[in-house]
Amino acid sequence: MIDVVVIGAGPAGVVAAIRAAELGARAALVTSREFGGMADNDGPVPVRVLAHTARLLRETRQLGEYGVTVTQPVLDYGRLLARAREVVADVCAHSSLRQQIDSLGVTVHQQAGQARFVDAHTVETKSGLRLQAEKFIVCTGGVSRRLPIPGFELTSTHSDAWSLTSVPPSMLVVGAGATGAQVASIFNAFGTQVQLFEAGPRILSTEDEDVAAAAAAAFRESGMVVRENFGTIESFEKTPAGVRMNFAKDGRRDSAEAALVVVAVGWAADTAGLNLAAAGVELNARKFVKVDEYLRTSATHIFAAGDVTGRLMLVSQALPDGFVAATNAVQGPTLPVGERVSPAGSFTDPEYAQVGPTEAKARSTHDIVTAVVNFDSTTRAVIDGRTLGFCKLIIDRKTCKILGCHVIGERAVDIVEVAAIAIAAGMRVDELASIPLAYPTHAAVLIRAAVSVAQQLDLGVGWRAHEAA
Ligand SMILES: Cc1cc2nc3c(=O)[nH]c(=O)nc-3n(C[C@H](O)[C@H](O)[C@H](O)COP(=O)(O)OP(=O)(O)OC[C@H]3O[C@@H](n4cnc5c(N)ncnc54)[C@H](O)[C@@H]3O)c2cc1C
């Protein structure tokens, strides 16, 4: 019998299989489709290729400002999709995780079809594979949430971008979380007339309020229609030119139409085909796999990791989750998941990113000091002609430690990662403020914010390089 069977070969499953094998377990990895999971094949990797293309397009628009004359760029969408496929293949071929998994002797069953529990220690796949094991780690990720609304089958998801033959003339994006905002921003840059609809009071509801407001303003400025608090969808219907969404707010009916309607209203656990009941694995109230702090499910020999547990739903969580679940599966429940510093961001235009609590959340639990520094006051942003945005730093007044950082603007994700490292290192704000960064760089905005807070708190800041930043 195999010691550990890992189901799903996304980031969580791949790391889980490697860790189990490293600890000496005989491990097998079974996945319905390609190695790399949604992350490599349908999520961050290919979507980032589209986002990079959007960035290249907006950079070409700056050329005139810097004395370079070119004709207008023209996007060949078919060629772009071919490039996305090349990148996906390249990432998979060069993945060090694939090399590791093979060198550790893990048996990989890919393209095996959905695995399904037959009993608590056996899974079978549609391709006829049958695996019995002492322990299992469920890493099956998630799927786009569907809405029980008439005509929903007429709508698309981000995955349909891969089968379009050209850039649609118009698009209605429903749901303005990370995925919806990214799809809207990318296709807006490609020349599609985009309308972004959010049922909640604001777009990017998990971001800091000021960041979300700045993103909405920037999206509108770039020609996108952004409708927050738009009401409730009643139906979708086919029209000669595409799809119409009918909705109502406060008793008033309205509609919006586009060539394509993309729905991005959340992510559900991909458990439908697993027959978890046969193994005694329970779901929580949100219908994700219920786990304890050791990522152990209600069946104590079965663990779960990554998106299927419905926590942060990012690669940066899936990877350590896989490590924790496999450690506990092989060695017994010894390693809790614990709290992690989790920077996250999105490659929209403008970019935004966060680490730690929003200002509103931090204020409700701590006595805080904040500083906001605008990009237009830093040298690099002016040089690059990218002056939109700001960096907000949130500090605990008592300990002077960094609680959170929220950025919107050029290279926001990279800037927030510097803050995340400072948080993980337990740095005080005056220590961060004293770091002389290379000049002129985007991260200077973070150091400027740190200096501002350090000054508000009357902490000495020895190094004054920030004055030139
Ligand atoms: C558009 C988009 C953009 C994103 N961008 C980012 C980003 O920039 N940064 C970031 O950190 N995260 C991003 N994410 C989220 C990220 O992709 C996920 O958090 C991550 O892929 C989760 O990894 P996982 O291992 O849990 O599952 P997945 O990567 O989803 O892998 C699960 C695998 O299990 C397989 N599977 C499912 N059911 C079965 C079954 N019954 N039997 C066998 N195999 C099965 C699936 O086919 C899949 O291959 C993005 C997501 C989307 C949709």
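This passage describes the surroundings of the bound ligand and a run of paired strands in a predicted model.

The ligand is surrounded by 33 residues, of which A12, S32, A115, D307 and V315 are the closest. By class, this shell comprises 18 nonpolar, 12 polar and 3 charged residues. Polar backbone atoms of the protein lie opposite oxygen atoms of the ligand at several positions: a distance of 3.0 Å separates a ligand oxygen from such an atom of A12, while the corresponding value is 3.3 Å for A39 and 3.2 Å for L314. Taken alone, the ligand would expose 1,000 Å², and the protein buries 92% of that area. Two or more residues of the shell are contributed by each of the elements α1 (11-22), α2 (37-41), α3 (44-60) and α8 (315-331), and among these α2 gives the most, with 3 residues.

A115, one of the residues closest to the ligand, falls within strand β4, which spans residues 115-119 and is joined by 4 bridges to the antiparallel strand β5, residues 122-125. These two strands form a hairpin with 2 residues between them, and D119 has T122 of β5 as its bridge partner. Strand β5 also pairs in the antiparallel sense with β6, residues 130-138, over 3 bridges, and in this pairing T122 is matched with Q132 of β6. A hairpin is likewise formed by β5 and β6, here with 4 residues between the strands, and G128 in its turn adopts a positive phi of about 100 degrees.

Definitions and conventions. Residues numbered from 1 in each chain as written. Predicted model: local features only at pLDDT ≥ 70, side-chain atom pairs only at ≥ 80, totals over all residues. Heavy atoms only, no water. Pairing = 2+ DSSP bridges. Near = heavy atom within 4 Å. Polar contact = N/O pair within 3.5 Å; in protein donor to acceptor, adjacent residues only side chain to side chain. Areas by Shrake-Rupley, 256 points an atom, 1.4 Å probe, with all protein chains shown as cover. Nonpolar A, V, L, I, M, F, W, Y, C, P; charged D, E, K, R; others polar.
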